[in-house]
Amino acid sequence: MENLNSYLIVSAVLFSIGTIGVLTRKNAIVIFMCIELMLNAVNLTFVAFSRYLGNLDGQIFVFFIMTVAAAEAAVGLALIIAFFNNKDSIDVTDVNLMKW
Amino acid sequence: METIFFLIITLVAIISAILVVTCKNPINSALSLIMTFFCLATYYVMLDAPFMAAVQVMVYAGAIMVLMVFTIMLLNIRVDASKKHSHKLIIGSIMGFFTLLDLGYVIVKSRAALPTGPFSGDMIKQLGHTELIGREIFTSFLLPFEITSILLLTAIVGAVILAKKKI
């Protein structure tokens, strides 16, 4: 097994790239994919720590995170499609009905 | 040998993660994201968690990404290069960089606790990872497991309601 720190660093880099994507992109689906990237970075941390500590709880957590991600994908993509039907666009800057 | 393999996988994972953020076409982003998921599955195998790797490939690279690609193709959005980034590009990049600094600081400054649990690599190989995960999930984590099913039910109902013609 590699050193625990190397996995943590990879995970931190992936998480930061996902953060930059969420903050800079306008396409709602791409923002969605960046959120998935961040969730996966956290999953990697969980599995690495689980292996390092010799405790399987972290991997069960990854299981639950995957479930939440699947639910999030289903509802989020339905929201995006509903928004597209109303506005003909999936730019997050067009989500401005409640803007004062 | 394993270090070199780890470095190659890391390179591929980070490059494809950067491509997810920078590609103009959402389809290309989706394919890069699938590549990243496969790299993460490889990490899970290297961490003695083959069941997690299988689930990663099936659920993430299979189900969720198929849903995403399906949505992208269903909506058929024109790629508008001039409107790709918001004007918050610099601020967003700085925030992301500070996130990285923060995480790096935590990693460098902190010390992980010593290994305490009973599961070593040999034991996982001997008993089988799937069996160990199954035992944990149906004994210690039974209640969260059941609550997960309620979450999935809620998601199904929500998706069906949102997909109606008139909201």
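Select helix 3 of chain A first, in this predicted model, and colour its buried residues, which pack against helix 2 (28–53) of chain A together with helix 3 (50–75), helix 6 (129–139) and helix 7 (142–162) of chain B. The residues to pick out are A:G58, A:Q59, A:V62, A:F63, A:M66, A:A69, A:A73, A:A74, A:G76, A:L77 and A:I80, which are buried in helix 3 of chain A. If you draw a distance between the end C-alpha atoms of helix 3 (residues 57–87) of chain A, you will find 44 Å, which agrees with the 45 Å that its 31 residues should span at 1.5 Å a residue. Just after helix 3 of chain A, stop at A:D88, where phi is positive, at about 60 degrees.

Move next to helix 2 of chain A, which is mostly covered, with 20 of its 26 residues buried. Its end C-alpha atoms are 38 Å apart, and this agrees with the 38 Å that 26 residues should span at 1.5 Å a residue. Just after helix 2 of chain A comes A:G54, with a positive phi of about 65 degrees.

Stay with helix 2 of chain A and bring up the largest nonpolar core, which has 57 residues, and in which A:I29, A:M33, A:L37, A:V47 and B:Y44 have the most contacts. Two or more residues of this core come from each of helix 1 (4–24), helix 2 and helix 3 of chain A, and likewise from each of helix 1, helix 2 and helix 3 of chain B. Helix 2 of chain A gives the largest share of this core, 14 residues.

Centre the view on A:L37 and ask which residues it is in contact with, leaving aside its neighbours within four places in sequence. In chain A the partners are A:L14, A:I17, A:G18 and A:G21, while in chain B they are B:A17, B:V20, B:L33 and B:T36.

Now zoom out to the whole of chain A, which has three helices and zero strands. Along the principal axes, its C-alpha atoms fill a box of roughly 50 × 25 × 20 Å, and the radius of gyration of chain A is 17 Å, where a compact globule of 100 residues would have a value near 13 Å. Of the 100 residues of chain A, 51% count as buried. Among the contacts in chain A between residues at least 6 apart in sequence, 44% join residues at least 24 apart.

Turn to the interface between the two chains, where 72 residues of chain B are in contact with 63 residues of chain A. On the side of chain B that touches chain A, at least two residues are supplied by each of helix 1 (2–22), helix 2 (26–46), helix 3, helix 4 (89–109), helix 6 and helix 7 of chain B. Coloured by class, that side of chain B shows 49 nonpolar, 17 polar and six charged residues.

Within chain B, select B:I72, whose place is in helix 3 of chain B. Is B:I72 buried or exposed? B:I72 is buried, because 22 other C-beta atoms lie within 10 Å, and the cut-off for a buried residue is 20 or more. Leaving aside neighbours within four places in sequence, B:I72 is in contact with A:I29, B:P26, B:I27 and B:A30. B:P26 is 46 residues away from B:I72 in sequence, although their C-alpha atoms are 7.1 Å apart in space.

Go on to helix 7 of chain B, which is hardly covered, the count of buried residues among its 21 residues being one. The end C-alpha atoms of helix 7 of chain B are 31 Å apart, which agrees with the 30 Å that its 21 residues should span at 1.5 Å a residue.

Finish by colouring chain B by its two domains, domain 1 (1–78) and domain 2 (117–167). The C-alpha centres of domain 1 and domain 2 of chain B lie 21 Å apart, and the contact takes four residues from domain 1 of chain B and five residues from domain 2 of chain B. The side of domain 1 of chain B that touches domain 2 of chain B has three nonpolar, no polar and one charged residues. With all of chain B in view, there are seven helices and zero strands, and 23% of its 167 residues count as buried. Its C-alpha atoms fill a box of roughly 55 × 40 × 30 Å along the principal axes, and chain B has a radius of gyration of 20 Å, where a compact globule of 167 residues would have one near 15 Å.

Note on methods. Residues numbered from 1 in each chain as written. Chains lettered and ligands numbered in written order. Predicted model: local features only at pLDDT ≥ 70, side-chain atom pairs only at ≥ 80, totals over all residues. Helix = DSSP H or I, 4+ residues; strand = E, 2+ residues; numbered from the N terminus. Expected span 1.5 Å × (residues − 1). Buried ≥ 20, exposed ≤ 12 C-beta atoms within 10 Å, placed from the backbone. Contact = placed C-beta atoms within 7 Å. Rg over C-alpha atoms; globule rule 2.2 N^0.38 Å. Nonpolar A, V, L, I, M, F, W, Y, C, P; charged D, E, K, R; others polar. Domains from an automatic or database assignment. Core = buried A, V, L, I, M, F, W, Y, C linked by C-beta atoms within 7 Å.
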